[in-house]
Amino acid sequence: MVKIFLLISLMFISSCAYFKSIGVSDLFSSSDSSGAGNTDKVSKTFQLSDKAGKFLVEREKGFNKGKNQFIVKKSVKASGDSKELEKLIVISKLGSLKKNLTILKPEVSEYSVWFEGKKYVSRMQVNPTNKSMEVRMSSPEKQWQGKRVFPFPKTLGIFCYFSQITECARATGFIDKAIKRDGGSMKVVIIWEGYPYFQEQYLNIPNSVFTEGTFEYDGRNESGERRFTLKVGNQSIFYFLDKNKELMKKFWVSQGLSMVEIN
């Protein structure tokens with residue numbers, strides 16, 4: 001990562017108890033195997049390269065039909081090492097907006113990362129009563145401990161977890177329509193599920209939970225890959241989807257980051 005933190009001597013502690021305590025359990029246990037497209041369970045391995053080195057990323061997404069939960073899980077390890085350096089789970093509810101637009105409604109997330117051998121955790125949960133995001137932080141540093149509450153901004157954009165952006169856009173039908181029309185743009189509000197630790201890893205990321213942006217279709221390259229661009233916080237992040245409209249490549253040029261699927 002850009003700000004150099006040594007990620008060593010790592011041991012991820014399971015967060016199952018936390019998710020059970022908020023009514024989320026048995027991830028993927030009732031995946032909609034009969035469903036098609038965006039609800040399919042998909043597991044992929046990527047090679048992540050940035051200024052700190054090369055890493056392996058295990059990414060899994062799927063739909064728990066019994067709980068109506070759309071889930072993305074991600075684990076980052078050093079190449080050739082079984083110890084996790086970073087772990088993420090984001091969960092959204094499949095819902096609708098004004099009864100004519102399918103969306104993924106953010107629900108809960110947990111992001112864990114280790115800086116210099118110390119564990120930092122950010123847990124987020126939507127409070128629908130007061131329309132806010134509750135963030136609980138656990139870390140060795142006092143300024144990153146306890147609970148904070150952030151109201152959802154009033155905007156027309158679709159709220160999407162950063163690590164779920166392609167699935168979020170696909171749920172609305174935007175990806176299919178943009179490909180068919182060979183163009184298009186979607187207003188989004190990115191939720192940085194790794195806040196505030198994510199902001200410590202990358203340069204010039206807005207110091208907030210929510211940031212408005214756009215998700216745009218750029219067309220196909222010479223290899224036939226479909227490219228989309230997320231423009232958020234003065235950053236441009238390029239996503240490439242395979243023939244099944246699943247993530248296969250990601251490039252964040254300003255951060256010197258690339259993530260490419262390993263076949």
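**Figure 1. The whole chain contains four helices and 15 strands.** The model shown is predicted. Of its 263 residues, 53% count as buried. The accessible surface comes to about 12700 Å², and carbon and sulfur atoms hold 50% of that area. Among contacts with a separation of 6 or more, 50% join residues that are 24 or more positions apart.

**Figure 2. Close-up of V188 in strand β10.** The strand covers residues 184–191. Is V188 buried or exposed? Its relative accessibility is 1%, and buried means under 20%, so V188 counts as buried. Leaving out residues up to four places away in sequence, V188 touches G157, I158, C160 and I165. The list of residues that V188 touches also includes T211, E212, G213, T214, F215 and L230. One of these contacts, T211, is 23 residues from V188 in sequence. In space, the C-alpha atoms of V188 and T211 are 8.4 Å apart.

**Figure 3. Close-up of the largest cavity, with about 170 Å³ of space.** Which residues are the closest to the centre of this cavity? They are K74, E86, F198, Y202 and K250, out of 17 residues that line the largest cavity. Four strands each supply at least two residues of this lining: β3 (69–78), β4 (84–97), β14 (247–252) and β15 (257–261). By class, the lining of the largest cavity has 12 nonpolar residues, one polar residue and four charged residues. The structure holds four cavities of 30 Å³ or more. Empty space of this kind is found by rolling a probe the size of a water molecule over the atoms.

**Figure 4. Close-up of the second largest cavity, with a volume of about 130 Å³.** The lining of this cavity is made of 13 residues, and the closest to the centre are R59, F162, S163, L247 and K250. K250 is thus named among the residues closest to the centre of the largest cavity and among those closest to the centre of the second largest cavity.

**Figure 5. Elements and residue classes around the second largest cavity.** Two or more residues of the lining come from each of β3, α2 (165–171) and β14. Which element gives the most to this lining? Helix α2 does, with three residues. The lining of the second largest cavity divides into seven nonpolar, two polar and four charged residues. Strands β3 and β14 are also listed for the lining of the largest cavity.

Key:
Residues are numbered from 1 along each chain as its sequence is written. This is a predicted model: local features need pLDDT of at least 70, side-chain atom pairs count only at pLDDT 80 or more; totals for chains, interfaces and linings use all residues. Side-chain values use heavy atoms; hydrogens and water are left out. Buried means under 20% relative accessible area, exposed over 50%, partly exposed in between (1.4 Å probe, protein chains only). Contact means heavy atoms within 4.5 Å. Accessible areas come from the Shrake-Rupley method with a 1.4 Å probe; for residues, only the protein chains shown count as cover. On a 1 Å grid over the protein atoms alone, a cavity is a set of points where a 1.4 Å probe fits but cannot get out, and a pocket is an open set with protein on both sides within 12 Å along at least five of seven lines; lining residues have an atom within 4 Å of a point. Grid points are joined across faces, edges and corners, and a volume is the space filled by probe spheres set on the points. Ala, Val, Leu, Ile, Met, Phe, Trp, Tyr, Cys and Pro count as nonpolar, Asp, Glu, Lys and Arg as charged, and the others, Gly among them, as polar.
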